[in-house]
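Reader: I should like to learn how the principal features of a structural model are read. Please take them one at a time, with the general idea before the case.

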Amino acid sequence: MEETENLRKTFADLYGTPGNEPVLFFAPGRVNLIGEHTDYNGGFVLPCAIQYGTYLLIRMTDERVIKLASVNDPQKTVIPVTDHFSKQPVHWFNYPLGVFEQFIKKGLPVGGMELLFYGDIPNNAGLSSSASIEVVTAFALNHLINGGLDLLDLIKMSQKAEQEFAGVNCGIMDQFAVGMGKANHAIFLNCSTLEYKLVPVPLSGYKLIIANSNKPRSLADSKYNERVAECQLAVAFLAERFSISKLGDLGFPQFFKAQDCIPDEVIRKRARHVISENQRVLASVSSLLKNDLPQFGVLMNASHDSLRDNYEVTGFELDTLVEEAWKIPGVLGSRMTGAGFGGCTVSLVREDVIADFIEEVGMEYKAKTGLTADFYIAEIGDGVRRVE
Ligand code: GLA
């Protein structure tokens with residue numbers, strides 16, 4: 001493959017050729033089909049891994065330094081091997097360093113190494129480019145040092161890296177999807193127990209189209225953490241009535257009857273989203289298992305409505321992309337995907353209207369927001385792996 005040959009060449013130019021042959025790994029990005037902002041509430045999610053992702057070429061060295069570089073960014077760094085890494089001003093350096101920190105916490109050796117990343121996931125678009133970097137780093141290091149960690153350990157460590165080093169109180173969905181993805185399947189994950197099932201996605205005649213709003217997401221992390229805190233507040237009110245410790249513990253009928261015990265309308269809406277979204281994930285799994293794509297599309301649309309009205313994480317740009325998608329005949333469903341506040345939408349589009357979809361949605365979006373959207377046809381791919 002031409003890309004990987006180029007990567008090997010760049011590696012050799014950058015680090016020279018002495019020592020071991022570097023080893024190549026890949027972790028995908030993910031698109032979440034439904035189940036948004038439910039993971040940190042112990043709810044259900046239904047993401048899948050996509051064909052875009054992060055390559056990592058890596059080799060261990062005898063030097064006491066870690067060298068980080070990426071084809072996507074001219075900034076490089078050399079960091080001494082230590083037992084505690086400090087946060088770096090170049091944001092992406094923190095993802096691998098956060099992972100190394102987790103290895104050290106487990107008493108595993110983190111020695112000298114040379115790393116070169118290359119990613120083809122649009123950055124900061126809500127397709128988990130950060131989880132992809134974390135998981136590929138964890139998987140590669142575990143492999144090279146014979147760390148003996150299983151994939152679930154690596155996924156949990158990658159989530160911790162994001163929380164502690166990147167400062168986002170994220171759930172486990174992204175790292176889980178990036179680690180456990182399987183071609184043509186979605187991952188139906190219970191984020192409370194981490195039990196999961198692979199659900200075939202019967203796309204016959206349809207494609208998943210991702211539209212990147214290209215809206216800058218500057219305050220997204222702090223707004224995300226604000227939603228996490230609002231959900232904790234909702235739990236505190238509801239726990240006076242029910243014995244629950246997270247919103248995912250409560251069914252919608254129980255919540256519906258008791259919702260007035262949350263005095264604040266905003267907090268009540270946040271809980272309404274999470275608890276109703278959980279039901280939609282369950283209904284989506286049954287629809288997919290019955291091959292009922294139209295019903296799944298209806299649930300996608302309802303998810304977007306709730307993210308807009310109850311959770312308030314969509315914004316004008318994502319709403320415009322979704323509303324324009326809904327107008328195109330042959331589109332079964334469309335919704336924002338990921339954390340929101342910008343980022344991407346995912347739409348279920350009949351193959352023969354894809355070209356019209358991209359043209360019309362793109363044109364209307366540009367006219368209404370002044371921004372140019374990018375479109376990607378998503379293939380559902382496998383999770384993290386070594387590339388031979
Ligand atoms: C981000 C987080 C995930 C999840 C989604 C919203 O992608 O990293 O853990 O909370 O937002 O569903």
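Reader: Which classes of residue make up the lining of the largest pocket, and how many belong to each?

Author: Ala, Val, Leu, Ile, Met, Phe, Trp, Tyr, Cys and Pro count as nonpolar, Asp, Glu, Lys and Arg as charged, and the others, Gly among them, as polar. Here the lining has 18 polar, 15 nonpolar and eight charged residues. The model is a predicted one, in which local features need pLDDT of at least 70 and side-chain atom pairs count only at pLDDT 80 or more, while totals for chains, interfaces and linings use all residues. Residues are numbered from 1 along each chain as its sequence is written, and side-chain values use heavy atoms, with hydrogens and water left out.

Reader: How is a pocket defined, and how much space lies in the largest pocket?

Author: On a 1 Å grid over the protein atoms alone, a pocket is an open set of points where a 1.4 Å probe fits, with protein on both sides within 12 Å along at least five of seven lines; lining residues have an atom within 4 Å of a point. Points are joined across faces, edges and corners, and the volume is the space filled by probe spheres set on them. For the largest pocket this gives about 890 Å³. It is lined by 41 residues, of which Y95, N124, S129, S130 and E162 are the closest to its centre.

Reader: Where does the largest pocket lie with respect to the domains?

Author: Domain bounds come from an automatic or database domain assignment. The largest pocket lies between domain 1 (2–200 + 382–387) and domain 2 (206–378), because both give residues to its lining. The C-alpha centres of the two domains are 26 Å apart. Their contact (heavy atoms within 4.5 Å) takes 34 residues from domain 1 and 42 residues from domain 2.

Reader: Is L247 buried or exposed?

Author: Buried means under 20% relative accessible area, exposed over 50%, and partly exposed in between (1.4 Å probe, protein chains only). L247 has 0% relative accessibility and therefore counts as buried. Across the protein, buried residues make up 59% of the 388 residues.

Reader: What does L247 touch?

Author: Leaving aside residues up to four places away in sequence, L247 touches N41, C231, A234, V235, L238, A271, V274 and I275. L247 and T38 are 209 residues apart in sequence, yet their C-alpha atoms are 8.4 Å apart in space.
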